[in-house]
Amino acid sequence: MTNLSRRDFLKLVRDGFLVLSGALALGGVLRFLDFQPNPAQKTQFDLGSATNYPIGSRTALSEIPALLIHAESGFSALSLVCTHLGCNLGEDESGFACPCHSSHFDAEGKVTHGPAAKPLSPLRIEISEDNRVILHTS
Amino acid sequence: MYFFILHLSSFILFPMPPSFFHHLHPPTIPTAQARWRHTLAAGGTAIFLMLILGVTGILEMFYYAPNPAEAALSVQTITYHVPFGGFIRNLHYWAAQALIVVSAVHFLRVIFTAAYGHPRRFNYLLGLALFVVSIMLDFTGYILRWDVDICWPLTTGTNLLKTIPVIGDFLYRIAVGGNEVCETALLRFYTWHIFGLTILVVILGVWHAFRVRRDGGIAVPPPQLRADVTRIPRDELVRREVLTMFIVSIGLILLSIFVPAPIAAAMSVSIRESVTESVDVRAPWFFLWVQQMLKWGDPFIFGVLIPSIILALLALIPYIFPQPNEAEIGSWFPKSNRLAQIIVAIIGTIIIILTFINR
C-alpha cells in the first residue's frame with residue numbers, strides 16, 4: 001500500500017464512486033418496485049347472524065376461503081388455503097384435498113397426506129353484540 | 001413476414017449484389033458442420049421464431065388491455081372477433097411453445113457435439129441465459145391470459161418466491177406488486193413480458209449471434225484435423241436458411257389453423273372468488289416436471305433449490321469438466337468428455353419422465 005501512486009489512488013477513488021453510485025441506483029430501483037399501491041387485503045368478514053349456523057353445522061365459505069364450524073363448545077373456523085403453496089382446498093368424503101400438489105387434510109385440518117407439512121391454520125371468530133359472526137383472517 | 005420470406009427467397013432465384021443480409025453471414029462455412037443433420041437448424045429456427053413472436057406480439061398489443069377487469073375479455077376479442085385475430089394469437093402461442101422445444105434441441109446439440117469448449121464457453125452461458133429468459137417469457141405470456149386456468153400456477157409460482165430464505169418476501173412483493181396476487185400482478189407481468197424480458201432477449205440474442213462469429217463461427221476442429229476441408233458459400237447457407245424458415249412457417253401455419261391456443265373463462269377481479277371445481281390445476285407444460293416434484297414435499301427444496309442446482313450444473317459444464325478433444329469438436333457424440341454428455345442425458349431424461357408422470 002505504501003507505493004500506491006497518486007494516479008492509482010485516484011483511479012481507485014473513481015472506481016469506488018462508480019460502484020457506489022451504481023449500488024445507490026439499484027437500491028433506488030428496488031425500492032421503486034417495492035411500492036404497494038393497492039389497499040391492504042380485507043381481513044375481516046361479516047358472516048351474518050349466528051342463528052344461520054346451527055350447532056353441529058360445518059359451512060364451507062369458498063370466497064374467503066374458510067370452513068366455519070359450530071360445535072357444542074362454540075364457533076371455530078379453519079382456513080381452506082393449502083399450507084403448502086396456497087391453492088384453495090376442495091372438500092371430499094374424508095376432509096380437504098388440494099388440487100395442485102395432492103396434499104390432503106382431515107376434517108380437523110391435520111395433514112393426512114403430504115406434501116403439506118403444516119396443519120390448516122385456525123381463524124379467529126368473534127361474535128358481535130348483535131349476535132353476528134365476524135371472521136378474522138389475520 | 002410474407003414479404004420478409006419473399007425478399008430472402010430472391011436469394012435463391014436471382015443473384016443479388018451484396019446487401020445487409022449478406023453481411024449477416026460469413027463468406028463461407030465448413031461443409032460438414034453446415035449440414036442439417038449437424039446443426040438440426042435449431043439456432044437459426046430459434047431466431048426465426050423470435051421474429052414471428054415479435055411481429056405477432058406487437059399485433060396483439062393493439063387489442064390487449066393489461067388490467068384485471070378487461071384482460072381476459074380482450075384476449076377473447078382478439079381470438080373470436082378480430083379478423084385473423086385467432087390465427088395471429090395461435091401463431092404467437094405456437095411459436096412460443098416451439099421456441100422452448102427448439103432452444104432445448106439447440107442446447108442438446110451443443111452438448112452432444114462438444115461445441116461448448118473454449119473459446120465458446122462464454123457464448124454457452126449467453127445461450128443458457130437466453131433459454132431461461134425465454135421460459136420466463138413463456139410463463140409471463142401464459143399469465144397474461146388472466147383466465148381461470150392461470151389461477152393456481154400463478155399462485156403457486158409466486159408463492160414459491162416466498163419460500164426463499166431472507167429475500168423471499170421482498171422478491172414476492174417485487175414480482176407481484178403487493179402482498180396478495182391481485183390487480184397489480186397483471187400489470188407487472190405485462191410489463192416484464194412485453195418490455196423487460198423482451199429487451200433482455202434482444203440484447204442477449206444479438207450478443208449470442210455476434211459471439212458465434214467472434215468465436216470463429218460454428219464449432220469445428222482446427223483445419224489440420226478436419227476430415228473434410230470443403231466449404232459452402234453464403235448463398236448456399238442463405239438458401240438453406242430460407243428453406244428452413246419456409247418449412248417452419250408451414251408447420252406453424254398448419255398448427256395455428258387446426259390447433260387453437262388454450263383459452264378459458266375470464267377470471268373475476270379476485271382470484272380466489274372465481275375458482276371453481278372445473279379449473280385446470282396443471283402447470284404450463286414446461287413446468288409440469290417442477291409441479292410433479294412439488295408433490296414430494298418442501299416447496300423450497302423441490303421448487304427452487306433443485307431447479308437452481310440443475311441450472312448451475314449446466315452452466316458449469318464448460319468450466320469444470322475437461323475440454324473436449326480438438327479433433328472431435330463438431331462431431332456427434334464425441335468420446336472425449338463423455339461425463340458431460342451422460343449428465344445432460346440423465347437430467348433430460350428425468351425431466352421428461354417427471355413431465356409425463358404428472359397425472
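## Chain A's two sheets, plus a look at chain B

Reading chain A from the N terminus, the elements go α-β-β-β-β-β-β-β-β-β-β. That comes to 1 helix and 10 strands. Keep in mind that this is a predicted model; the predictor gives the complex an ipTM of 0.81 and a pTM of 0.88. Most of what follows is about how the strands of chain A are arranged, with a stop at one loop residue of chain B.

**Overall shape of chain A**

- Chain A is no compact globule: its radius of gyration is 27 Å, where a compact globule of 138 residues would come in near 14 Å.
- Along the principal axes, the C-alpha atoms of chain A fill a box of roughly 85 × 40 × 25 Å.
- The chain splits into two domains, with domain 1 covering 1-35 and domain 2 covering 44-136.
- Taken over C-alpha atoms, the centres of domain 1 and domain 2 of chain A sit 53 Å apart.
- Burial comes to 21% of the 138 residues of chain A.
- If you take the contacts in chain A with a separation of 6 or more, 34% of them link residues 24 or more positions apart.

**The six-stranded sheet**

- 6 strands of chain A make up an open sheet, ordered β1-β10-β9-β4-β3-β2, and the pairing is antiparallel.
- At the edges you'll find β1 (44-49) and β2 (58-61) of chain A, each of which pairs on one side only.
- From one strand to the next, the twist in this sheet averages 25 degrees.
- Start at the β2 edge: β2(A) and β3(A) run antiparallel and are joined by 4 bridges.
- The link between β2(A) and β3(A) is a hairpin through 4 residues.
- For a concrete pair in that stretch, look at R58(A), which stands opposite I69(A) in β3(A).
- Next along, β3(A) is joined by 6 bridges to strand β4 (residues 74-79) of chain A, and these two also run antiparallel.
- β3(A) and β4(A) form a hairpin as well, with 2 residues between them.
- L68(A) has A77(A) as its bridge partner in β4(A).
- Strand β3 (residues 66-71) of chain A is mostly covered, with 5 of its 6 residues buried.
- Elsewhere in the sheet, strand β9 (residues 122-127) and strand β10 (residues 132-136) of chain A pair in the antiparallel sense over 4 bridges.
- One of the bridge pairs there puts R124(A) together with H136(A) in β10(A).

**The four-stranded sheet**

- The other open sheet has 4 strands in the order β5-β6-β7-β8 (chain A), again with antiparallel pairing.
- What leaves one side of β5 (90-92) and of β8 (111-113) of chain A without a neighbour in the sheet? Both stand at the edges with a single partner strand each, so one side stays unpaired.
- The twist in this sheet averages 35 degrees from one strand to the next.
- Inside it, strand β6 (residues 95-97) and strand β7 (residues 104-106) of chain A run antiparallel and are joined by 3 bridges.
- Here two phenylalanines face each other: F96(A) stands opposite F105(A) in β7(A).

**A loop residue in chain B**

- A261(B) lies in the loop between α11 (234-258) and α12 (288-294) of chain B.
- Is A261(B) buried or exposed? It falls in between: 19 other C-beta atoms lie within 10 Å, so A261(B) counts as partly exposed, given that a buried residue needs 20 or more.
- Leaving out residues up to four places away in sequence, A261(B) touches R89(B), N90(B) and Y93(B).
- A261(B) and H92(B) are 169 residues apart in sequence, yet their C-alpha atoms are 8.9 Å apart in space.

**Confidence in chain B**

- Chain B averages a pLDDT of 87, and 91% of the residues score at least 70.
- Among the elements of chain B, the lowest mean pLDDT (56) belongs to helix α1 (residues 2-13).
- At the other end, helix α6 (residues 85-112) of chain B has the highest mean pLDDT among the elements, at 96.

Terms used: Residues are numbered from 1 along each chain as its sequence is written. Chains are lettered from A and ligands numbered from 1 in the order in which they are written. This is a predicted model: local features need pLDDT of at least 70, side-chain atom pairs count only at pLDDT 80 or more; totals for chains, interfaces and linings use all residues. Two strands pair if DSSP finds at least two bridges between them. Axes are lines fitted to C-alpha atoms, for helices over the stretch in contact, and angles run from 0 to 180 degrees between N-to-C directions. Domain bounds come from an automatic or database domain assignment. The radius of gyration is taken over C-alpha atoms; the globule rule is 2.2 Å times the number of residues to the power 0.38. A residue is buried if 20 or more other C-beta atoms lie within 10 Å of its own, exposed if 12 or fewer, and partly exposed in between; C-beta atoms are placed from the backbone. Two residues are in contact if their C-beta atoms, placed from the backbone, lie within 7 Å. pLDDT is the predictor's confidence in each residue, from 0 to 100.
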